Amino acid sequence: MDINRLLDSFLGSGQSGQGGSKQGTSVSDRMSNLPGGLGGGAAAGGMIALLLGTKKGRKLGGKALKYGGLAAVGGLAYKAYRDWQTNQTSGTEEAPLNLPKPPANSGFDIENDQDASGQDFRLSLMRAMISAAKSDDHIDQDEHMRIREQIEQLGLGAEEKAALFDCFSAPADASATARLARTDEQRAEIYLASVLAVDPDTPEEKAYLDDLARHLAMPDGLRGHLDLEASAARKQVLE
């Protein structure tokens, strides 16, 4: 499976954390030509933009992920984790989405980490984002069909398409998402990615994140630091 190509189709071209797809026409170029009126949103922010954009009457979520990609998740989670350890205030930096890459031995090296099952941890983050985005049940049967149709037209390989179909078809499940984590650092990253994916603005999304935090069993106080970093990241993209 080409993980980078899969993640580029999900977050938008070049956001996988390893320089994006290098094979022929870019994912964003293919998305911009898709029929049905949804190609523009998908091209701007990948399949997560399409998923969140189907929710009528709401501002598109996940803008911080579009801007910073998975690299931002690692940097923000590492900063929050260090602040929690040293009892420092989180979310005060001027450009949180431009934080330096965490050290390779920090436990926050997303590009070279494996989840609890031994798979590429970036896939777990993708699953976490999709689960959070679906937590308020705003996607109806017709919208599911439109998402499937556009996945078919992305030019992905069979394995990459199957992985996307599997993720988008699965119900929102905080318990299953939490089980993807292998370490405390990964639990922090999964929670932060989930918060960034939805910009929680509904009771259902907030309840899902509460449930996720409970299943992740993060150390006392850490969730607050992660929420502050997520808020700072959202503020940066709105400025």
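Reader: Why does Ala-217 count as exposed?

Author: The model is predicted, and in it Ala-217 has a relative accessibility of 56%. The cut-off for exposed is over 50%, so Ala-217 with its 56% counts as exposed. Ala-217 sits in the loop between helix H10 (203-216) and helix H11 (222-238).

Reader: What makes the phi of Ala-217 worth a mention?

Author: Its phi is near 50°, a positive value, and the residue is not a glycine. Most residues other than glycine have a negative phi. Asn-87 is another such case, with a positive phi of about 60° although it is not a glycine.

Reader: Is Asn-87 buried or exposed, and how do you know?

Author: The relative accessible area of Asn-87 is 69%. Exposed means over 50%, so Asn-87 is exposed. Asn-87 lies in the loop between H4 and H5.

Reader: Why is Asn-4 called buried?

Author: Asn-4 has 16% relative accessibility. Buried means under 20%, and therefore Asn-4 falls in that class. Asn-4 belongs to helix H1, where nine of the nine residues are buried. Among the buried residues of H1 are Ile-3, Leu-6, Leu-7 and Phe-10.

Reader: How do you know that Asp-2 caps the N-terminal end of H1?

Author: A side-chain oxygen of Asp-2 lies 3.3 Å from the backbone nitrogen of Asn-4. A polar contact needs N or O atoms within 3.5 Å, and the 3.3 Å of this pair meets that limit. Just after H1 comes Gly-12, with a positive phi of about 120°.

Reader: What joins the side chains of Asn-4 and Arg-122?

Author: The two side chains are joined by a polar contact of 2.8 Å. The limit for such a contact is 3.5 Å, and 2.8 Å is within it. The backbone nitrogen of Arg-122 has a partner too: a side-chain oxygen of Asp-120 reaches to within 2.9 Å of it, at the start of H5.

Reader: Where is Asp-120, and which residues is it in contact with beyond its neighbours within four places in sequence?

Author: Asp-120 is in the loop between helix H4 (63-86) and helix H5 (121-133). Its contacts outside those neighbours are Ile-3 and Asp-113.

Reader: How do you know that the span of H5 agrees with its number of residues?

Author: At 1.5 Å a residue, the 13 residues of H5 should span 18 Å. The C-alpha atoms at its ends are 19 Å apart, so the two values agree.

Reader: What makes H5 largely enclosed by the rest of the structure?

Author: Of its 13 residues, 12 are buried, so H5 is largely enclosed. Phe-121, Leu-123, Met-126 and Ile-130 are among these buried residues. For the chain of 239 residues, 54% count as buried.

Reader: Why is the pair of Arg-182 and Asp-113 called a salt bridge?

Author: The closest N and O atoms of Arg-182 and Asp-113 are 2.5 Å apart. A salt bridge requires a side-chain nitrogen of Lys or Arg within 4 Å of a carboxyl oxygen of Asp or Glu, so this pair qualifies at 2.5 Å. Arg-182 is in the loop between helix H8 (174-178) and helix H9 (184-198), while Asp-113 is in the loop between H4 and H5, 69 residues apart. Arg-182 counts as partly exposed at 44% relative accessibility, whereas Asp-113 counts as buried at 10%.

Reader: What joins Lys-79, Asp-83, Glu-93 and Glu-229 into one network?

Author: Salt bridges that share partners do so. One of them pairs the side chains of Lys-79 and Glu-93 at 3.4 Å, N to O. Lys-79 is in helix H4 and Glu-93 in the loop between H4 and H5, 14 residues apart.

Reader: How do you know that Lys-79 forms a salt bridge with Glu-229?

Author: Their closest N and O atoms are 3.9 Å apart, and the limit is 4 Å, so the pair counts. Lys-79 lies in H4 and Glu-229 in H11, so the bridge ties together parts that are 150 residues apart in sequence. Glu-229 is buried, with a relative accessible area of 0%, and Lys-79 is partly exposed at 22%. The structure holds 12 salt bridges.

Note on methods:
Residues numbered from 1 in each chain as written. Predicted model: local features only at pLDDT ≥ 70, side-chain atom pairs only at ≥ 80, totals over all residues. Heavy atoms only, no water. Helix = DSSP H or I, 4+ residues; strand = E, 2+ residues; numbered from the N terminus. Contact = heavy atoms within 4.5 Å. Buried < 20%, exposed > 50% of the residue type's maximum accessible area, 1.4 Å probe, protein only. Polar contact = N/O pair within 3.5 Å; in protein donor to acceptor, adjacent residues only side chain to side chain. Expected span 1.5 Å × (residues − 1).
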